[in-house]
Amino acid sequence: MLTPSSNTVLEPYTARMLDPLFPDVTAHFGRFRVTEIALAPDANSQFALPPVLQAAELLADANCDVIAWNGTSASWLGFDSDTRLCDAISQKTGIAATSAILSLNRLLAHLGVHRLGLVTPYTSDVQDRIVANYAAAGIETVAEEHLRLRDNFSFSDVSEATIEAMCERVAEARPDAIAIVCTNMRGPLVAAALEERLGIPVLDSVAFTLWGCLDAIGVSTEKLHGFGSIFASSGQPVGRAATAEG
């Protein structure tokens with residue numbers, strides 16, 4: 001996992017999801033500096049290739065089977081930015097690569113999501129860019145909640161209760177799925193309970209990044225079904241979109 005330097009959520013939550021369910025799967029983490037999320041050039045420059053590739057090369061020394069960019073920058077920078085990043089990582093290290101947003105987009109396509117609920121901690125302009133990128137991909141954001149924060153460390157201070165309340169308000173629009181887009185928000189442990197209560201797939205960033213990694217190395221995710229329906233062996237998350245598919 002390539003990790004924003006100021007992220008304090010994704011490492012312990014990923015470890016909590018894997019242990020003790022997957023004794024033969026280990027997660028390893030490399031950091032590069034990311035301290036704020038904004039559309040300003042200095043903020044976007046945090047995601048330049050050289051520091052990311054340097055961190056990826058260090059992870060490659062651990063003989064990892066897959067390397068994931070465990071951050072959501074492509075949601076506002078453009079989905080192709082993660083495609084280019086993953087291609088560069090694989091070319092540099094010879095290891096398969098994926099990302100949070102590429103994993104999310106695969107799940108949205110699998111679910112047939114056309115109406116999205118969006119929950120983030122980000123500023124309004126970043127949120128608008130995310131909404132626009134999904135609109136260009138044919139996915140309408142029918143309801144959204146954001147906290148207008150830009151300090152990346154502060155995202156981890158958002159309580160699970162706040163995240164639940166944001167998802168509940170978004171659910172009133174009956175989207176096909178709700179995405180919690182930020183790998184430094186405490187969504188992984190509340191997603192399953194939200195799905196049961198709301199009847200809508202709740203796709204958390206830490207969870208769907210792990211899903212993407214396990215899928216890339218051919219490991220069944222069924223043991224993780226308690227963390228959300230994306231991990232179910234049937235591949236059919238709860239809610240309206242799943243019903244429409246089958």
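Biologist: What volume does the largest pocket have?
Modeller: The model is a predicted one. Rolling a probe the size of a water molecule over the atoms shows where empty space is left. For the largest pocket, the volume comes to about 340 Å³.

Biologist: Which residues of its lining are the closest to the centre of the largest pocket?
Modeller: The lining of the largest pocket holds 20 residues. By class they are 15 nonpolar, 3 polar and 2 charged residues. Strand β3 (66-69) and helix α10 each supply at least two of them. The closest to the centre are V25, T26, A27, D65 and V66.

Biologist: Which element gives the largest share of the lining of the second largest pocket?
Modeller: The second largest pocket has about 190 Å³ of space. Among the residues that line it are F32, F47, W69 and R84. Two elements give two or more residues to this lining, α3 (49-60) and α5 (79-93). The largest share is 4 residues, and it comes from α5.

Biologist: How many residues of the lining of the second largest pocket are nonpolar?
Modeller: The lining includes L49, V52, L77 and L85, and also S73, S81 and D82. Divided by class, it has 2 polar and 2 charged residues, and the nonpolar ones number 7.

Biologist: Which strands are at the edge of the open sheet?
Modeller: Strands of a sheet pair through backbone hydrogen bonds, either parallel or antiparallel. Here 4 strands follow the order β6-β5-β7-β8, with parallel pairing. An edge strand pairs on one side only, and this holds for β6 (140-146) and β8 (202-204).

Biologist: By how many degrees are neighbouring strands of this sheet turned against each other on average?
Modeller: The sheet is an open one of 4 strands. With direction ignored, the average turn between its neighbouring strands is 20 degrees.

Biologist: Which residue in β8 stands opposite I178?
Modeller: Strand β7 covers residues 177-180 and pairs with β8 in the parallel sense over 3 bridges. Opposite I178, the residue in β8 is V202.

Biologist: What angle does the direction of helix α10 make with that of β8?
Modeller: Helix α10 (residues 205-216) packs on the sheet and touches both β7 and β8. The angle between its direction and that of β8 is about 75 degrees.

Biologist: Which residue in β6 is the bridge partner of L118?
Modeller: Strand β5 (residues 115-120) pairs with β6 in the parallel sense, over 6 bridges. Together with helix α7 (residues 124-136), β5 and β6 make a right-handed β-α-β unit. The bridge partner of L118 in β6 is E144.

Definitions and conventions. Residues are numbered from 1 along each chain as its sequence is written. This is a predicted model: local features need pLDDT of at least 70, side-chain atom pairs count only at pLDDT 80 or more; totals for chains, interfaces and linings use all residues. Side-chain values use heavy atoms; hydrogens and water are left out. Two strands pair if DSSP finds at least two bridges between them. Axes are lines fitted to C-alpha atoms, for helices over the stretch in contact, and angles run from 0 to 180 degrees between N-to-C directions. Contact means heavy atoms within 4.5 Å. On a 1 Å grid over the protein atoms alone, a cavity is a set of points where a 1.4 Å probe fits but cannot get out, and a pocket is an open set with protein on both sides within 12 Å along at least five of seven lines; lining residues have an atom within 4 Å of a point. Grid points are joined across faces, edges and corners, and a volume is the space filled by probe spheres set on the points. Ala, Val, Leu, Ile, Met, Phe, Trp, Tyr, Cys and Pro count as nonpolar, Asp, Glu, Lys and Arg as charged, and the others, Gly among them, as polar. A crossover is right-handed if, with the strands pointing away from the viewer, the path from the first strand over the helix to the second runs clockwise.
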